[in-house]
Every structure is written in C-alpha cells, then in structure tokens.
Amino acid sequence: MILVTGGAGFIGANFILDWLRERDEPVLNVDKLTYAGNLENLADLAGDPRYAFVQGDIADHGLIDALLAQHKPRALINFAAESHVDRSIHGPGEFIQTNIVGTFKLLESVRAYFATLDETKKAAFRFLHVSTDEVYGSLTADAPPFTEDTRYEPNSPYSASKAASDHLVRAYHHTYGLPVVTTNCSNNYGPYQFPEKLIPLVIANALAGKALPIYGDGQQIRDWLYVADHCAAIRRVLEGGAVGEVYNIGGWNEKPNLDIVHSICDLLDKLRPRTDGKPYREQITYVTDRPGHDRRYAIDASRIERELGWAPAETFATGIAKTVRWYLDHSEWIRNVQSGAYREWVEKNYAGRKQ
Ligand code: NAD
Ligand code: DAU
C-alpha cells in the first residue's frame with residue numbers, strides 16, 4: 001500500500017481518486033484537516049476497502065511512527081502543506097510549522113521506519129516529496145523556463161518554507177540514504193480546488209455576481225497545468241524516477257492572469273449567461289497587488305518527458321472547459337466550503353485592497 005499525506009486537499013484528493021481508478025493498490029490518507037482539507041472531496045470512496053483515512057498531523061511523530069509500523073507502506077507521497085501565498089503573507093507561522101518542521105518530523109519518522117525494512121523492501125521504498133516551481137523565484141520576460149538546475153530564490157514565506165522542505169528532503173537522501181524523489185510543479189487547476197486560489201475564486205465570484213479581483217496589472221504569468229496531468233506525472237515519477245533526483249512538472253502553458261480570467265468569463269458567458277445579458281468581464285476589478293508578487297513562472301518539463309515519457313494530456317482550452325463545467329455542476333461543494341472561516345479570509349485578504 002501507499003501512504004499519502006495531505007490527501008484531503010486539492011491535489012492530494014485528485015491524486016487518490018485517480019490512483020484508485022488507475023491502480024488497485026490501497027491508500028492510507030493522513031490529513032490534519034486544516035481549512036483546506038475537505039473529506040467531501042473523497043466522498044466517492046465511501047465503502048471502498050482500498051481506502052482508509054486517519055486525521056493527523058505530519059508533525060505528530062508518535063502517530064506517524066505507529067501508522068508506518070502498522071501499515072508498512074512501500075511508498076509515501078507528501079502533499080501535506082500550507083499552500084496559499086497570500087495566507088503566508090498574512091501569517092507565515094503555520095507555513096514554518098507544517099512545511100518545514102512538519103516535513104522534518106515526517107522525514108525522521110520515515111528514516112526510522114526505513115531502517116526496519118529488509119534489503120528488498122528498502123530497494124523498493126520511495127519518499128516522494130511534492131513541491132512547487134515557486135522555489136525558483138521569479139523570471140524576467142525573456143528568461144528561459146526553470147530547469148532542475150535553476151538556483152533556488154524563493155520570494156514569499158510560502159515558497160521559502162517549501163524550499164526549506166526540499167533541502168531537508170535532499171539532505172535526508174545524501175546523509176541517511178533515504179530513497180527520496182522531489183517534484184517541482186507549476187500552477188494546478190481543476191476540480192476540488194479551494195476557492196481562495198485564482199481560478200476557482202474567479203468562477204465562484206463570477207457566479208455570485210461579485211468582483212473578480214485582479215492583483216496589480218494582471219500581467220503576471222503562470223504556467224498552468226490541469227491537475228489530472230500532475231497526478232499522472234507523480235505516478236510516473238513514483239514508478240520510474242531516479243532516487244535522489246528532482247523532476248520539474250509543467251504544462252508548457254504560460255499565460256498572464258488577465259487572459260485566464262478572460263477565458264473563464266467567456267466560458268461562463270456561453271455556459272451560464274448572466275441574467276442581465278451582460279458579459280462576466282464587467283465584474284473584473286483591479287485591486288492592490290500582492291506584496292513581493294512574482295512576475296513570471298515557467299517550467300521546462302523536458303527532463304520528465306525525455307526520461308519518463310510524461311507529457312500533459314490536456315491543453316489549457318480542454319482543461320479550463322472541464323474545470324468550469326465541474327464547478328457549475330458542483331455548486332453545493334462551493335457553498336459548503338464557503339464557511340464562516342472562508343468569509344473571514346476573504347474579508348482579511350480583500351477588504352484592505354484599493355480598487
Ligand atoms: P491544499 O492547501 O489544497 O491542501 C493541503 C492539504 O494538506 C490539506 O488537506 C490540509 O488539511 C493538509 N495539511 C496541511 N497541514 C497538514 C499537516 N501539518 N499534516 C497533515 N496534513 C496537513 O494544497 P494543494 O494545492 O493540494 O497542494 C498540495 C501540495 O502540492 C503542496 O505541498 C503544495 O505546495 C504543492 N503544490 C501545489 C500546487 C498548486 O498549484 N496547488 C502546485 C505545485 C505544488
Ligand atoms: O506555482 C505553483 C504554485 O501555484 C503553488 O505552489 C501554490 O500552492 C499555488 O497556490 C499557486 O500559487 P500562486 O500564488 O501562483 O496561485 P494563486 O491562485 O494564489 O494566484 C495565481 C495568480 O493570480 C498570481 O499571480 C496571483 C493572482 N491573483 C490571485 C488571487 C487569489 C489575483 O490576481 N487575484 C486573486 O484574487
């Protein structure tokens with residue numbers, strides 16, 4: 001079986017659902033259920049004997065030790081993290097705790113567990129650490145995309161905490177021989193993404209008749225990847241990735257934020273036109289920029305394609321159409337995640353931004 005941490009979040013939940021469709025190997029999901037963790041994402045697995053859930057913190061040594069000893073996974077995939085840049089700007093503490101201290105504690109538990117395995121099981125075991133392209137910092141307009149050799153230059157408390165976790169993972173390989181692999185992926189979008197992130201926020205706000213907030217001039221560039229493609233890439237890295245190595249994962253799909261928002265508005269105009277007949281683009285509102293906002297990310301994903309034969313299956317046009325349709329079909333999911341805590345966050349992040 002495999003152990004997944006943070007599997008009740010956006011990418012982790014998509015990964016578990018895809019894994020159990022593609023493979024017949026059981027999954028244990030360990031998730032703290034922070035504001036971003038949502039068991040509704042995995043409701044389709046109710047009664048599936050291949051799936052088990054334990055609520056817990058990756059920093060809880062005793063719990064993780066006991067789960068490893070009991071379930072004896074042949075791999076651990078670490079999705080658990082605080083993941084939202086704006087939240088890291090308002091309060092970095094949780095990012096240091098989970099992304100750095102939590103990853104360290106998890107590595108310590110896995111190191112102790114690994115030592116108990118026989119040689120065959122040691123050879124098969126993998127610790128796959130899911131990281132981000134943000135560790136590489138920001139690109140100028142004409143710079144080549146990030147490769148696995150690009151220097152780390154994280155700019156936000158979030159990316160600095162992920163960079164620290166990547167370094168710890170690397171060190172546990174070099175020092176203790178832990179069989180790790182790290183992936184650094186670009187911006188994901190798709191079903192089950194919490195509506196604090198740009199794409200689901202814009203869809204939810206558009207449908208609710210609210211402003212669509214564009215930070216600064218909206219010309220910041222991200223490299224968007226449909227989440228199922230990320231999940232497929234992780235499966236490939238787990239199967240064929242070289243121990244101690246790093247794989248960049250991206251969509252070859254650089255787009256300015258404003259183009260992304262325009263695409264969503266245009267799809268909604270077709271699929272769910274406004275009752276007043278006006279275009280959703282009218283709801284676009286320019287607001288004060290994010291402090292330290294990275295201007296451009298872009299991933300060179302040629303290594304994973306060359307060595308492991310992975311390339312994205314979706315184009316942005318197909319992926320965003322699926323995504324918009326999913327949110328239109330899951331209005332109850334959106335309503336359920338827009339709790340009091342969500343409304344407090346929206347107030348905290350947007351009320352102080354000038355229009
Ligand atoms: P998310 O915020 O949607 O989900 C994170 C999950 O981790 C939640 O279920 C949460 O409850 C859980 N969690 C948080 N702290 C925990 C702890 N201490 N112990 C156990 N569980 C904990 O995040 P996401 O967007 O699904 O991202 C998953 C991973 O992928 C993160 O490591 C993130 O850095 C990385 N990543 C995300 C993107 C993206 O575009 N979303 C891109 C590249 C990499
Ligand atoms: O690059 C990978 C990273 O992508 C992941 O590591 C992070 O976990 C994930 O959150 C994401 O980070 P971003 O900061 O790029 O994603 P976000 O959706 O928050 O913002 C995308 C872009 O849209 C960014 O340039 C900021 C801008 N934005 C965002 C919000 C929430 C706006 O203009 N308005 C908004 O309201």
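Two exercises follow, worked on a predicted model.

**Exercise 1. The shell around ligand 2**

Task: State how many residues surround ligand 2, which elements supply them, and which polar contacts are found.

Solution:
1. Count the shell. Ligand 2 is surrounded by 25 residues. The closest are Asp133, Tyr158, Arg290, His293 and Tyr350.
2. Sort by class. Ten are nonpolar, eight polar and seven charged.
3. Trace the elements. Helix H3 (85-90), helix H7 (198-207) and strand S8 (212-215) each give at least two shell residues. S8 has the largest share, with three residues.
4. List polar contacts, using a cut-off of 3.5 Å between N or O atoms. A polar side-chain atom of threonine 132 is 2.7 Å from a ligand 2 oxygen. For asparagine 257, also through a polar side-chain atom, the distance to an oxygen of ligand 2 is 2.8 Å. Tyrosine 215 uses a backbone N or O atom, 2.9 Å from a ligand 2 oxygen.
5. Check the cover. On its own, ligand 2 has 690 Å² of accessible area, and the protein covers 95% of it.

**Exercise 2. The sheet and its helices**

Task: Give the strand order of the seven-stranded open sheet, explain why one side of S3 and of S11 lacks a neighbour, and place H2 and H8.

Solution:
1. Read the order: S3-S2-S1-S4-S5-S6-S11, paired in parallel.
2. Find the edges. S3 (51-55) and S11 (246-249) each have a single partner strand, so one side of each has no neighbour in the sheet.
3. Add the twist. From one strand to the next, the average is 20°.
4. Inspect one pair. S1 (residues 2-5) and S4 (residues 75-78) run parallel, joined by four bridges. Threonine 5 has asparagine 78 of S4 as its bridge partner.
5. Place the helices. H2 (residues 61-71) lies across S1, S2, S3 and S4, at about 175° to S2. H8 (residues 227-240) lies across S4, S5, S6 and S11, at about 145° to S5.

Notes: Residues numbered from 1 in each chain as written. Chains lettered and ligands numbered in written order. Predicted model: local features only at pLDDT ≥ 70, side-chain atom pairs only at ≥ 80, totals over all residues. Heavy atoms only, no water. Near = heavy atom within 4 Å. Polar contact = N/O pair within 3.5 Å; in protein donor to acceptor, adjacent residues only side chain to side chain. Areas by Shrake-Rupley, 256 points an atom, 1.4 Å probe, with all protein chains shown as cover. Nonpolar A, V, L, I, M, F, W, Y, C, P; charged D, E, K, R; others polar. Pairing = 2+ DSSP bridges. Axes fitted to C-alpha atoms, helices over the stretch in contact; angles between N-to-C directions. Contact = heavy atoms within 4.5 Å.
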